[in-house]
Amino acid sequence: MTKEAKRKGIELGAGLLLYVIVWIVTEYYEAGRIVKTLLFLLPYLALSATTYIELFKNIGKLQFLDENLLMIIATVGAFVVGRDKEAVAAMLFYQVGKMVEEISLSRTKKSIAEFIDLRPEYANLKVGNTEKIVPPQELKERQIIVLRPGEKIPVDAVVTFGNGTIDTKAITGESEPRAVKIGDRLYSGCINLNGVLEARVTRIYKDSTAAKIMRLVENANEKKSDSLHFADRFTKYYTPIVILIALLTILLPPMIFVEARDEWIYRGLIILVAACPCGLMVSIPMAFLGGIGAASRQGVLIKGSAFLEELPKVDTFVFDKTGTLTEGVFHVQKIVPYQKMTESELLEAAALGEAYSTHPIALSLREAYGKEIDRSRVDGLKDYPGYGIGARVDGREVYIGNSRLMNRQGLFYTPVSEIGTAVHVAIDGKYAGYILIADAVRPGAAKLMKWLHRRDLDTVMLTGDNERVAEAVAKKLRIESVYAELMPEDKVEQIEEFMENQMEGEKLAFVGDGINDAPVLSRVDIGIAMGGLGADAALEAADIILMEDEPSGIINAIRIARATLRSVRQNMVFAIGMKVILIALAFSGYVTMQNAILADMAVMVINILNSFWMMKFPER
C-alpha cells in the first residue's frame, strides 16, 4: 500500500469512528438542530480535509472543475437543508472510493513492476583473487564481475571467461535460453542459468539495458492517449454542465411545487453526487497501464498510451529488409576472383578491409576468413555510407562494396545475376572479383505478413540491397510494394512521400532494426524497432520496441492494443451510461445521496476489474 493510500486509510478510520460516535450520541440524546450540525461537522471535516485541500490547490491552477467540487457543493448543500447524516455518509463513501482508486492504481503499477522487474539486487565484483558483494549502482566500466548459476546479470557486460546459458525472457520474451561464450555480450536483467562466468562491465547501472527499460515502462503513461485527453476534457466540460442541471433542478420545480422546495434542493444535491466521474477517471488510465504491462511481459516495450492507441489504426506497414525481415546474419555463398587472384586472397583482402566495420556483411566476411585479423596491416579507412568502404591493406588501395561504389570509383566490374548480395572488391584500381553472400528470411516474417494481409493492411519494403535480392524476398513473403537500392537518405525521402500522400485518419508504421533506421523511426506515425536489446538508437528513436528479434511480435502488440481500446471503450460507455441513469433516478427521487455514492463505487469497481484483466492478457 502506498503512503497516499495509508494516509487515506487513517483519515477514513478517524472519520468513521467520529461518525459512529456522533450518530450514537444524536440518536440517544436529544439535541437541537445547530448542535447536531456542529457534531456532524466533526467527522465531516476529518473526512473531507484532503478534498478541500485538493480543491484549493486546483483553484490556484484554474483546474477546479472536477469531482472534488461536485462533492463539496453537494455535501455543504446537504448540511444547509438539514441532511447532516447524508452529508457525512456521502463524503465517507466518496473517500472509500478514492482509496479503492488509489489502491487499484498502485497495485496495477506494482503488478507491472513485478512482471518486468529486471533490477538486480547485488553484484559479485572481482577484486584481485577475491570477490566482493556490492550494489550494482557502484559498478564502474571495465571492472570484472562474477556470475553464478541462478544469478541476475547486474549490468551490461562482455564475457571474459567461461561459457554458459542465459535466460533472456525477462527482456525479450524469448522462451529459449541463449548460449554464451567468451566475447559475447550480456544484458542486465537476464539470468545466468548454468556455468560460472566472468564478465567485463561495459555500462554502468543507470545506463544499462534493464535500467532503461524499467524507466521506459514506468513513465509510459506520461505520453497520454486521445482517450486519456478525452477523460480530462470530458471532466472540464462535464462538471459545469452537471452543476447547471443540479441548479435548474433546485430552482425550476419549486416554482411549480412550492411546498416541496427542500425536497427538490436535496434532489439537486444528489444529482451532483451521482454525477461524480470517479469510475471513468480511474478506469481509463488503468486499462492503458494494464495493456502496457501485458505488452512488456511479452517482450514488447510501448513508450506511451498514445502509441498503444494509435497502433490499431495503422493501415500501412513499411519494413526495412536486412535485420528486420531477414536475420541480418550473412554467410558467404560463393567467391569469384578475377585476374590471377585466388579465392583465399580475395577473401583475405575483403576481410582485412572490413576489419573495423560492425556491419553484418563485414562480420560475415571475417567469419568466412576464419583467421585472426591483424589490424596493423590496415590503415587509411574511408567510409562511404550506402556504398561500402575503402582502406589500405598491406599498402594496397582496396575498395569493398556494392556496384554503386564501383561506379563511383569509375571501376569496371562484372554484374551479378545470382540471388544474393554481391560484395565487389577492387585492388589498386583494378577489379579483383566479387563475393556472394546471402541472408535468411526470419521464421516469423511470413507469419506476420499472412496475418497483416488477412486484415487487408498494406505492406511495403524499403532496402538498400539490390533489386534482384529485394524482389526475391518480397515474393517469398508476398509483400505488395518494393523499393530497392535506396540510400539512407532515400528511405527518409520515400517515407516523407508516403506520409504526404496519406489521407486524413490514415496511419503509417515503419519497422526497422533500430540502429541504422533511427531517422525514419522518429519520422513516422508509429516507429517499431526490431531487436532493441542493447540498441540505444532503438530505445531513443522508436515508439514501440520488440525486444526479441522476431517481427511476429507485432501481432501480439496489435492484439494487446486492440483489446486495450476495447476495454477503454467499454469502461467509457458503461461509466457514462450509468451516470445518465443515476442522474435521471436522482431527479425522480428514487435514490438517496448514499445510494448514489454506492452506485458510483460499484461502477468504479466493475471498470477496475475490466481494466485489470489486461494484465493477464494471454500470449499466442
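**Notes on loops, one helix and charged side chains**

1. Let's start with Glu485: its relative accessibility is 39%, so it counts as partly exposed. Keep in mind as you read that this is a predicted model. You'll find Glu485 in the loop between strand 19 (481-483) and helix 17 (488-500). What is the phi of Glu485? The value is positive, about 55°, although this residue is not a glycine. That deserves a second look, because most residues other than glycine have a negative phi.

2. Asp394 is another one to look up. This residue isn't a glycine either, yet it has a positive phi of about 55°. Asp394 sits in the loop between strand 14 (388-393) and strand 15 (396-401). With a relative accessible area of 45%, Asp394 is partly exposed, because that label covers values between 20% and 50%.

3. Now rotate to helix 16, residues 467-477. Which residues of helix 16 are buried? They are Val469, Ala470, Val473, Ala474 and Leu477. If you look down the axis of helix 16, these buried residues fall within an arc of 130°, so they line one face of the helix. On the face turned away from that buried side, you'll see the exposed residues Lys475 and Lys476.

4. Don't stop at the end of that helix. Arg478 comes just after helix 16 and takes a positive phi of about 60°. Arg478 also belongs to a surface patch of positive charge, where it gathers with Lys450, Arg454, Arg455 and Arg562. Of these, Arg562 is found in helix 20 (residues 553-588). Its relative accessibility is 32%, so Arg562 counts as partly exposed.

5. There's a patch of negative charge on the surface too, made of Asp456, Asp458, Glu480 and Glu506. Try finding Asp456 in the loop between helix 15 (443-454) and strand 18 (458-462). Is Asp456 buried or exposed? At 68% relative accessibility, Asp456 counts as exposed.

6. Next up, salt bridges. Side chains of opposite charge can pair when their charged atoms come close. How many salt bridges does a search of the whole structure find? The search gives 13. One pair to check is Lys181 and Asp184, whose side chains meet at 3.8 Å, N to O. Asp184 has a relative accessible area of 18%, so it is buried; the cut-off for that word is under 20%.

7. Lys206 and Asp207 also meet in a salt bridge, at 3.6 Å from N to O. Lys206 is exposed, at 52% relative accessibility, while Asp207 is partly exposed, at 30%.

8. Arg523 and Glu496 make a salt bridge as well, and their closest N and O atoms are 2.9 Å apart. This pair links distant parts of the chain, 27 residues apart: Arg523 is in the loop between helix 18 (518-521) and strand 21 (526-530), and Glu496 is in helix 17. Arg523 counts as partly exposed at 34% relative accessibility, and Glu496 counts as partly exposed at 26%.

9. One last thing to look for: Glu310, Lys313 and Lys507 are linked in a network of salt bridges. Try picking out these three side chains in the viewer and see how the network joins Glu310 with Lys313 and Lys507.

Definitions and conventions
Residues numbered from 1 in each chain as written. Predicted model: local features only at pLDDT ≥ 70, side-chain atom pairs only at ≥ 80, totals over all residues. Heavy atoms only, no water. Patch = residues over 30% accessible without salt bridge, like charges linked within 9 Å, V, L, I, M, F, W, Y side chains within 5 Å. Areas by Shrake-Rupley, 256 points an atom, 1.4 Å probe, with all protein chains shown as cover. Salt bridge = Lys/Arg side-chain N within 4 Å of Asp/Glu carboxyl O. Lys, Arg positive; Asp, Glu negative; His and termini not counted. Charge placed at Lys NZ, Arg CZ, Asp CG, Glu CD. Helix = DSSP H or I, 4+ residues; strand = E, 2+ residues; numbered from the N terminus. Buried < 20%, exposed > 50% of the residue type's maximum accessible area, 1.4 Å probe, protein only. Arc of directions from axis to C-beta.
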